[in-house]
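Colleague: Could you take me through the charged side chains of this model, one pairing at a time? I would like to see where each partner sits and what else it touches.

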Amino acid sequence: MNATTLADRAVIRLSGEDVRGFLQGLVTNDVTGPLPVWSALLTPQGKALFDFFVWADGDDLLLDVEASQADALVRRLTLYRLRRPIRIAIDTALAVHWSRDGTEGVADPRLPALGQRWIAPASDPVDGWHAHRLSLGVTEGVGELSNGETLWLECNARELHGVSFTKGCYIGQENTARMHHRAKVNRRLVIAPLTEPGDRTRATYPDLGLMIEHRRVEVLGDALIPDWLAPALA
C-alpha cells in the first residue's frame, strides 16, 4: 500500500438533516457549491479558531482537520447544532491522504502546487508534506494561525480561496467583509528564515530552518514572499 496518509489529520463526519445549510451559516466559505473547499470557523471578531477542508460524501459532509483539534471542533459544532437532527462525530474509518504528484484525489483548493488530496481508509504515513507546504508559503493549523488570535484575512485566506464574499452571513463575517472591502489587511502570517523567536513568532521549525511570524505588511523584512501572495502586498 502506498504511503500517502497524513497522520496528523482526522476526518469528522456531519450527517443528518440539511448539513450543508447548517455549516453554511457558520463557516467562511460557501459549502453549498462544489467541494472540497478550505474554510474556517471564526470568533465573532473574525479571528481564526479552526481551519479545515470541507468534502462531500453523498448527503454527508466530511471535515478534514488537524487530528489534535478534531475533538474540540466536534464540541464547538455540537454547541451550534442545538436541536437539529444532525450527527457530528470523528470518522475513524477514514483518513486524509496527500501526494505531491499524481492523479489520485483533487488538487488542493488553496493552491494547486500543494499537490493532490483525498479521503480514504488509512495507508502508511507519508513524509514531506510540511516541508513542501512551508516551501510554498502556506500556513495552517492552530500552531501557526493561533487559536482566536489572528484575523482570518491576515492568514492569507483571501489569496488562498478560504473565504467567500458572496455567501450569506457566518460567524465573524462582518469584520472579515469590512477588512476586504476597505483593503485593510495590515498584518500577515509569513514564513521567514529561523532566527531568535519574538513576540511576533507563531511557530518555529528548527529542522527546516524556518519560522512563522505575524508581521506588519510594511515591515515584512526577510519574509519569504511566494508568487501567489506578492500581488496582495504590492
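**A close look at the salt bridges**

Modeller: Happy to! Let's start with Glu174, which is exposed because its relative accessible area is 56%, above the 50% cut-off. Please keep in mind that this is a predicted model. The partner of Glu174 is Arg178, and the closest N and O atoms of this salt bridge are 3.1 Å apart. Arg178 has a relative accessibility of 32%, so it counts as partly exposed. Both residues belong to helix α5, where they are four residues apart, about one turn of the helix.

That pair is one of many, as the structure holds 17 salt bridges. Another links Arg215 to Asp222, with 3.0 Å between the closest N and O atoms. Here the two ends have different settings: Arg215 is buried at 4% relative accessibility, while Asp222 is partly exposed at 37%.

Now to the network. Arg9, Asp64, Asp108, Arg110, Arg117, Arg133, Glu140 and Glu144 are joined into one network by salt bridges that share partners. Within this group, the side chains of Arg117 and Asp108 meet in a salt bridge, at 3.8 Å from N to O. Arg117 has a relative accessible area of 1%, so it is buried, and Asp108 is buried too, at 3%.

Two arginines of the network also sit over aromatic rings. Arg117 lies over the face of Trp129, 5.5 Å from the ring centre. Arg110 lies over the face of Trp38, again at 5.5 Å from the ring centre.

Trp38 leads us on to the aromatic pairs, of which a search of the whole structure finds two. The ring centres of Trp38 and Trp152 are 4.8 Å apart and their planes are at 45°, so this pair is tilted. Trp38 lies in strand β3 (residues 37–42), whereas Trp152 is in the loop between α4 (142–145) and α5 (173–181), so the pair ties together parts 114 residues apart in sequence. Both tryptophans are buried.

Finally, the network reaches the largest pocket, which holds about 160 Å³ of space. Its lining includes Arg9, Arg133, Glu140 and Glu144, which are also members of the network. Asp8, Glu66, His130, Gly141, Gly143 and Tyr205 line the pocket as well. Helices α3 (129–135) and α4 each supply at least two of the lining residues. By class, the lining has six charged, three polar and one nonpolar residue.

Note on methods. Residues are numbered from 1 along each chain as its sequence is written. This is a predicted model: local features need pLDDT of at least 70, side-chain atom pairs count only at pLDDT 80 or more; totals for chains, interfaces and linings use all residues. Side-chain values use heavy atoms; hydrogens and water are left out. Rings of Phe, Tyr and Trp (its six-membered ring) pair if their centres lie within 6.5 Å; planes under 30 degrees apart count as stacked, over 60 as edge-to-face and the rest as tilted. Buried means under 20% relative accessible area, exposed over 50%, partly exposed in between (1.4 Å probe, protein chains only). A charge sits over a ring if NZ of Lys or CZ of Arg is within 6 Å of the ring centre and within 35 degrees of the ring normal. On a 1 Å grid over the protein atoms alone, a cavity is a set of points where a 1.4 Å probe fits but cannot get out, and a pocket is an open set with protein on both sides within 12 Å along at least five of seven lines; lining residues have an atom within 4 Å of a point. Grid points are joined across faces, edges and corners, and a volume is the space filled by probe spheres set on the points. Ala, Val, Leu, Ile, Met, Phe, Trp, Tyr, Cys and Pro count as nonpolar, Asp, Glu, Lys and Arg as charged, and the others, Gly among them, as polar. A salt bridge is a side-chain nitrogen of Lys or Arg within 4 Å of a carboxyl oxygen of Asp or Glu.
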